[in-house]
Amino acid sequence: MATLKDLRGDQPTWCPGCGHFSIMAGIQKAIIQLGYDPHEVAIISGIGCSGKVSEYVRTNGFHTIHGRSLPVAQGVKMGNPALKVIASGGDGDGYGIGVGHFVHASRRNIDMTYIVMDNNIYGLTKGQTSPRSDHGFVTTTTKDGNKEYPVDPIATSVANGATFVAQGFAGDIKQMTEIIRRAIEHSGFSHVNIYSPCVTFNKVNTYDFYKERLTPIAAPFDDRDKALATIREYDGLVTGVIYEEKRDDFQRKLNVDFDMQSCVSGTMDDDLFRKIEK
Ligand code: SF4
Ligand code: MG
(Lines give C-alpha, C1' and ligand atoms only; values in the text may rest on other atoms or scores of the structure.)
(Ligands and ions follow the chains in the order given, each with its own letter.)
Protein backbone atom coordinates (compact mmCIF):
# COMPACT_ATOMS: atom_id res chain seq x y z
CA MET A 1 0.00 0.00 0.00
CA ALA A 2 1.47 3.32 -1.11
CA THR A 3 2.00 6.40 1.02
CA LEU A 4 2.06 9.95 -0.32
CA LYS A 5 5.85 9.88 -0.06
CA ASP A 6 5.99 6.75 -2.25
CA LEU A 7 3.86 8.46 -4.91
CA ARG A 8 5.85 11.69 -5.09
CA GLY A 9 7.78 11.93 -8.36
CA ASP A 10 9.64 14.89 -9.85
CA GLN A 11 9.04 18.34 -8.36
CA PRO A 12 6.12 19.92 -10.31
CA THR A 13 6.94 23.01 -12.35
CA TRP A 14 3.34 24.08 -12.89
CA CYS A 15 2.48 27.73 -12.20
CA PRO A 16 1.48 28.38 -8.56
CA GLY A 17 -2.31 28.00 -8.29
CA CYS A 18 -2.70 25.84 -11.40
CA GLY A 19 -5.63 23.42 -11.07
CA HIS A 20 -3.41 20.52 -12.11
CA PHE A 21 -1.86 20.43 -8.60
CA SER A 22 -5.22 19.45 -7.09
CA ILE A 23 -5.81 16.80 -9.74
CA MET A 24 -2.39 15.28 -9.15
CA ALA A 25 -3.18 15.20 -5.41
CA GLY A 26 -6.60 13.66 -6.15
CA ILE A 27 -4.97 10.87 -8.18
CA GLN A 28 -2.42 10.21 -5.41
CA LYS A 29 -5.10 10.19 -2.69
CA ALA A 30 -7.34 7.85 -4.69
CA ILE A 31 -4.44 5.39 -5.21
CA ILE A 32 -3.70 5.51 -1.47
CA GLN A 33 -7.38 5.02 -0.52
CA LEU A 34 -7.61 2.01 -2.84
CA GLY A 35 -4.51 0.47 -1.27
CA TYR A 36 -2.42 0.06 -4.44
CA ASP A 37 1.35 -0.02 -4.50
CA PRO A 38 3.02 2.27 -7.08
CA HIS A 39 4.05 -0.72 -9.23
CA GLU A 40 0.40 -1.79 -9.57
CA VAL A 41 -0.57 1.45 -11.34
CA ALA A 42 0.43 2.91 -14.73
CA ILE A 43 -0.16 6.57 -15.65
CA ILE A 44 -0.04 7.28 -19.37
CA SER A 45 -0.06 10.96 -20.32
CA GLY A 46 -0.32 13.12 -23.41
CA ILE A 47 1.31 16.44 -24.31
CA GLY A 48 0.62 19.72 -22.53
CA CYS A 49 1.17 21.07 -19.02
CA SER A 50 -1.09 18.22 -17.84
CA GLY A 51 1.14 15.62 -19.53
CA LYS A 52 3.75 16.08 -16.82
CA VAL A 53 1.53 14.20 -14.37
CA SER A 54 3.11 10.87 -15.36
CA GLU A 55 6.43 12.23 -14.11
CA TYR A 56 5.06 13.92 -10.99
CA VAL A 57 3.17 10.84 -9.69
CA ARG A 58 5.60 8.01 -9.09
CA THR A 59 4.01 4.90 -10.58
CA ASN A 60 4.75 3.12 -13.84
CA GLY A 61 4.49 5.88 -16.42
CA PHE A 62 4.70 6.78 -20.09
CA HIS A 63 4.69 10.37 -21.36
CA THR A 64 3.43 9.76 -24.89
CA ILE A 65 2.99 11.98 -27.96
CA HIS A 66 0.26 14.54 -28.63
CA GLY A 67 -3.25 13.10 -28.44
CA ARG A 68 -2.06 9.52 -28.18
CA SER A 69 -2.32 8.70 -24.48
CA LEU A 70 -5.44 6.58 -25.02
CA PRO A 71 -4.11 4.11 -27.63
CA VAL A 72 -0.95 3.64 -25.58
CA ALA A 73 -2.94 3.22 -22.35
CA GLN A 74 -5.28 0.69 -23.96
CA GLY A 75 -2.24 -1.23 -25.22
CA VAL A 76 -0.72 -1.20 -21.74
CA LYS A 77 -3.93 -2.61 -20.26
CA MET A 78 -4.20 -5.31 -22.93
CA GLY A 79 -0.53 -6.21 -22.46
CA ASN A 80 -0.67 -6.35 -18.68
CA PRO A 81 -4.27 -6.59 -17.45
CA ALA A 82 -3.12 -6.73 -13.84
CA LEU A 83 -2.19 -3.03 -13.94
CA LYS A 84 -4.59 -0.27 -12.96
CA VAL A 85 -4.23 2.03 -15.98
CA ILE A 86 -4.92 5.76 -15.88
CA ALA A 87 -4.58 7.90 -19.01
CA SER A 88 -4.38 11.62 -18.46
CA GLY A 89 -4.00 14.77 -20.51
CA GLY A 90 -5.49 18.13 -21.28
CA ASP A 91 -8.50 19.33 -23.25
CA GLY A 92 -6.40 20.26 -26.29
CA ASP A 93 -4.64 16.90 -26.25
CA GLY A 94 -7.75 14.77 -25.66
CA TYR A 95 -10.55 16.66 -27.38
CA GLY A 96 -8.50 18.10 -30.26
CA ILE A 97 -5.86 15.89 -31.84
CA GLY A 98 -6.91 12.88 -29.73
CA VAL A 99 -10.68 13.15 -30.11
CA GLY A 100 -10.94 10.13 -32.44
CA HIS A 101 -9.22 7.94 -29.87
CA PHE A 102 -11.54 9.33 -27.18
CA VAL A 103 -14.67 8.35 -29.12
CA HIS A 104 -13.40 4.85 -29.90
CA ALA A 105 -12.11 4.25 -26.36
CA SER A 106 -15.57 5.23 -25.09
CA ARG A 107 -17.32 2.61 -27.21
CA ARG A 108 -14.59 -0.06 -26.81
CA ASN A 109 -14.87 -0.14 -22.99
CA ILE A 110 -11.42 -1.35 -22.03
CA ASP A 111 -11.05 -1.41 -18.24
CA MET A 112 -9.15 1.82 -17.60
CA THR A 113 -9.65 5.41 -16.47
CA TYR A 114 -9.25 8.57 -18.55
CA ILE A 115 -8.78 11.83 -16.61
CA VAL A 116 -8.87 15.06 -18.60
CA MET A 117 -7.54 18.27 -17.03
CA ASP A 118 -9.85 20.71 -18.76
CA ASN A 119 -8.72 24.35 -18.63
CA ASN A 120 -10.47 25.53 -21.81
CA ILE A 121 -7.18 26.68 -23.34
CA TYR A 122 -3.77 25.54 -24.59
CA GLY A 123 -1.62 26.42 -21.56
CA LEU A 124 1.81 24.99 -22.40
CA THR A 125 2.03 26.95 -25.66
CA LYS A 126 1.04 30.18 -23.86
CA GLY A 127 -2.70 30.50 -24.22
CA GLN A 128 -4.33 29.67 -27.55
CA THR A 129 -7.99 28.79 -28.15
CA SER A 130 -8.61 25.08 -27.53
CA PRO A 131 -11.46 22.74 -28.52
CA ARG A 132 -12.98 23.54 -25.11
CA SER A 133 -12.83 27.35 -25.40
CA ASP A 134 -16.21 29.05 -25.37
CA HIS A 135 -17.74 30.77 -28.37
CA GLY A 136 -16.44 34.34 -28.38
CA PHE A 137 -13.33 33.47 -26.31
CA VAL A 138 -10.49 35.89 -27.10
CA THR A 139 -6.90 34.66 -27.37
CA THR A 140 -3.91 35.27 -29.61
CA THR A 141 -5.40 32.85 -32.16
CA THR A 142 -8.94 34.29 -31.97
CA LYS A 143 -8.43 38.04 -31.56
CA ASP A 144 -12.03 38.77 -32.64
CA GLY A 145 -13.44 36.00 -30.47
CA ASN A 146 -13.75 32.27 -31.09
CA LYS A 147 -16.12 31.63 -34.01
CA GLU A 148 -16.49 27.93 -33.14
CA TYR A 149 -18.41 26.23 -30.35
CA PRO A 150 -16.72 23.95 -27.80
CA VAL A 151 -16.63 20.15 -27.76
CA ASP A 152 -18.98 18.78 -25.08
CA PRO A 153 -16.77 16.12 -23.46
CA ILE A 154 -19.10 14.34 -21.05
CA ALA A 155 -21.99 14.33 -23.53
CA THR A 156 -19.60 12.82 -26.10
CA SER A 157 -18.52 9.93 -23.89
CA VAL A 158 -22.10 9.28 -22.72
CA ALA A 159 -23.37 9.29 -26.31
CA ASN A 160 -20.58 7.00 -27.51
CA GLY A 161 -20.98 4.20 -25.00
CA ALA A 162 -18.67 4.93 -22.04
CA THR A 163 -19.82 2.97 -18.99
CA PHE A 164 -18.72 5.54 -16.39
CA VAL A 165 -18.80 9.30 -16.99
CA ALA A 166 -18.08 11.91 -14.34
CA GLN A 167 -17.02 15.51 -13.97
CA GLY A 168 -15.09 17.22 -11.20
CA PHE A 169 -13.57 20.57 -10.31
CA ALA A 170 -10.01 21.25 -9.14
CA GLY A 171 -11.47 23.63 -6.53
CA ASP A 172 -13.28 20.74 -4.80
CA ILE A 173 -10.58 18.17 -4.09
CA LYS A 174 -12.76 16.07 -1.74
CA GLN A 175 -15.44 15.43 -4.36
CA MET A 176 -12.82 15.04 -7.12
CA THR A 177 -10.87 12.40 -5.16
CA GLU A 178 -14.06 10.44 -4.52
CA ILE A 179 -14.89 10.59 -8.25
CA ILE A 180 -11.39 9.43 -9.27
CA ARG A 181 -11.50 6.59 -6.75
CA ARG A 182 -14.86 5.40 -8.09
CA ALA A 183 -13.63 5.76 -11.67
CA ILE A 184 -10.60 3.54 -10.96
CA GLU A 185 -12.80 1.00 -9.20
CA HIS A 186 -15.24 0.87 -12.12
CA SER A 187 -14.87 -2.13 -14.40
CA GLY A 188 -14.75 -0.68 -17.94
CA PHE A 189 -13.83 2.65 -19.54
CA SER A 190 -14.29 5.49 -17.06
CA HIS A 191 -14.05 9.08 -18.30
CA VAL A 192 -13.53 11.90 -15.80
CA ASN A 193 -13.46 15.48 -17.06
CA ILE A 194 -12.09 17.89 -14.44
CA TYR A 195 -12.33 21.67 -14.70
CA SER A 196 -8.79 22.79 -13.90
CA PRO A 197 -8.26 26.58 -14.12
CA CYS A 198 -5.17 27.82 -15.97
CA VAL A 199 -4.41 30.78 -13.73
CA THR A 200 -1.77 32.22 -16.06
CA PHE A 201 -3.49 32.35 -19.45
CA ASN A 202 -7.23 31.89 -18.92
CA LYS A 203 -8.69 34.89 -17.09
CA VAL A 204 -12.28 33.87 -17.89
CA ASN A 205 -12.70 30.27 -16.69
CA THR A 206 -11.33 30.92 -13.20
CA TYR A 207 -11.96 29.20 -9.85
CA ASP A 208 -14.66 31.81 -9.10
CA PHE A 209 -16.23 31.30 -12.53
CA TYR A 210 -16.74 27.60 -11.79
CA LYS A 211 -17.64 28.04 -8.11
CA GLU A 212 -20.52 30.30 -9.16
CA ARG A 213 -21.81 28.05 -11.93
CA LEU A 214 -21.25 24.35 -11.15
CA THR A 215 -24.17 22.25 -9.93
CA PRO A 216 -23.51 18.91 -8.20
CA ILE A 217 -25.59 16.00 -9.45
CA ALA A 218 -26.67 13.71 -6.63
CA ALA A 219 -26.82 10.29 -8.24
CA PRO A 220 -25.57 8.71 -11.45
CA PHE A 221 -28.07 7.88 -14.20
CA ASP A 222 -28.11 4.48 -15.84
CA ASP A 223 -30.17 5.90 -18.72
CA ARG A 224 -28.12 7.67 -21.40
CA ASP A 225 -30.99 9.92 -22.53
CA LYS A 226 -31.55 11.21 -18.99
CA ALA A 227 -27.81 11.78 -18.50
CA LEU A 228 -27.60 13.70 -21.78
CA ALA A 229 -30.70 15.74 -20.97
CA THR A 230 -29.21 16.74 -17.59
CA ILE A 231 -25.85 17.70 -19.13
CA ARG A 232 -27.72 19.87 -21.67
CA GLU A 233 -30.01 21.39 -19.02
CA TYR A 234 -26.97 22.68 -17.10
CA ASP A 235 -24.93 23.49 -20.20
CA GLY A 236 -22.29 20.98 -19.11
CA LEU A 237 -21.73 22.76 -15.79
CA VAL A 238 -22.42 19.76 -13.55
CA THR A 239 -20.20 17.78 -11.20
CA GLY A 240 -20.41 14.24 -9.87
CA VAL A 241 -20.82 10.83 -11.43
CA ILE A 242 -23.24 11.49 -14.26
CA TYR A 243 -23.58 8.05 -15.85
CA GLU A 244 -22.72 4.56 -14.65
CA GLU A 245 -23.53 1.19 -16.11
CA LYS A 246 -22.40 -2.37 -15.36
CA ARG A 247 -21.29 -4.03 -18.57
CA ASP A 248 -18.59 -6.60 -19.38
CA ASP A 249 -15.44 -4.76 -20.34
CA PHE A 250 -13.59 -5.46 -23.59
CA GLN A 251 -11.25 -8.07 -22.13
CA ARG A 252 -14.09 -9.98 -20.46
CA LYS A 253 -15.94 -10.04 -23.75
CA LEU A 254 -12.93 -11.78 -25.24
CA ASN A 255 -13.09 -14.34 -22.40
CA VAL A 256 -9.42 -13.82 -21.85
CA ASP A 257 -8.10 -15.64 -18.82
CA PHE A 258 -5.74 -13.13 -17.27
CA ASP A 259 -2.85 -15.02 -15.84
CA MET A 260 -0.01 -12.78 -14.73
CA GLN A 261 2.49 -15.57 -15.19
CA SER A 262 1.56 -16.02 -18.85
CA CYS A 263 1.56 -12.22 -19.31
CA VAL A 264 5.07 -12.01 -17.99
CA SER A 265 6.33 -15.01 -19.97
CA GLY A 266 4.60 -13.77 -23.13
CA THR A 267 2.74 -17.05 -23.71
CA MET A 268 -0.64 -15.33 -23.51
CA ASP A 269 -0.03 -13.07 -26.47
CA ASP A 270 -0.78 -15.55 -29.24
CA ASP A 271 -4.05 -16.66 -27.64
CA LEU A 272 -5.08 -13.08 -27.10
CA PHE A 273 -4.41 -12.04 -30.67
CA ARG A 274 -6.21 -15.12 -32.03
CA LYS A 275 -9.29 -14.12 -30.04
CA ILE A 276 -9.08 -10.51 -31.22
CA GLU A 277 -8.83 -11.67 -34.83
CA LYS A 278 -12.01 -13.81 -34.63
FE1 SF4 B 1 -1.18 25.46 -15.31
FE2 SF4 B 1 -1.71 27.28 -17.18
FE3 SF4 B 1 0.60 27.38 -15.87
FE4 SF4 B 1 0.14 25.41 -17.62
S5 SF4 B 1 0.31 27.62 -18.09
S6 SF4 B 1 1.03 25.18 -15.56
S7 SF4 B 1 -2.08 25.05 -17.34
S8 SF4 B 1 -1.46 27.66 -14.98
MG1 MG C 1 -5.81 22.79 -21.99
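**Exercise 1. Which residues does Leu-228 touch, not counting residues up to four places away in sequence?**

Before the solution, two conventions are needed. The model is predicted, so local features need pLDDT of at least 70 and side-chain atom pairs count only at pLDDT 80 or more, while totals for chains, interfaces and linings use all residues. Residues are numbered from 1 along each chain as its sequence is written, and chains are lettered from A and ligands numbered from 1 in the order in which they are written.

*Solution.* Begin by placing the residue: Leu-228 is found in helix H10, residues 224-233, where helices (H or I, at least four residues) and strands (E, at least two) are DSSP runs numbered from the N terminus. Next, apply the contact rule, under which two residues are in contact if their C-beta atoms, placed from the backbone, lie within 7 Å. With this rule, Leu-228 touches Ala-155, Val-158 and Ala-159. Finally, look along the sequence: Leu-228 and Ile-154 are 74 residues apart in sequence, and their C-alpha atoms are 8.6 Å apart in space.

**Exercise 2. Decide whether Leu-228, Asn-109 and Asp-235 are buried, partly exposed or exposed.**

*Solution.* A residue is buried if 20 or more other C-beta atoms lie within 10 Å of its own, exposed if 12 or fewer, and partly exposed in between, with C-beta atoms placed from the backbone. Leu-228 has 18 other C-beta atoms within 10 Å and is therefore partly exposed. Asn-109 lies in the loop between H6 and E4, and because it has 23 C-beta neighbours inside 10 Å, it counts as buried. Asp-235, in the loop between H10 and E8, has 10 other C-beta atoms within 10 Å, so it is exposed. Both loop residues also deserve a look at the backbone: Asn-109 has a positive phi of about 65 degrees although it is not a glycine, and the phi of Asp-235, likewise a residue other than glycine, is positive and near 55 degrees.

**Exercise 3. Check the length of helix H8, and find which of its residues are buried.**

*Solution.* The expected span of a helix is 1.5 Å times one less than its number of residues. For the 13 residues of H8 (residues 173-185) this gives 18 Å, and the end C-alpha atoms are 18 Å apart, which agrees. The buried residues of H8 are Met-176, Thr-177, Ile-179, Ile-180, Ala-183 and Ile-184. Seen down the axis of H8, they fall within an arc of 160 degrees, so they line one face of the helix; the arc is that of the directions from the helix axis to the C-beta atoms. The elements that cover them include helix H2 (20-34) and strand E3 (84-90).

**Exercise 4. Describe how helices H4 and H6 meet.**

*Solution.* Two packed helices are described by the angle between their axes and the distance between the axes. The axes of H4 (residues 69-79) and H6 (residues 99-108) come within 8 Å and cross at roughly 35 degrees; axes are lines fitted to C-alpha atoms, for helices over the stretch in contact, and angles run from 0 to 180 degrees between N-to-C directions. The contact is made by Leu-70, Pro-71 and Gln-74 of H4 together with His-101, Phe-102 and Ala-105 of H6. As a last step, note that H4 is mostly covered, since 8 of its 11 residues are buried, and that what covers these buried residues includes strand E1 (41-45), strand E2 (60-63) and H6.
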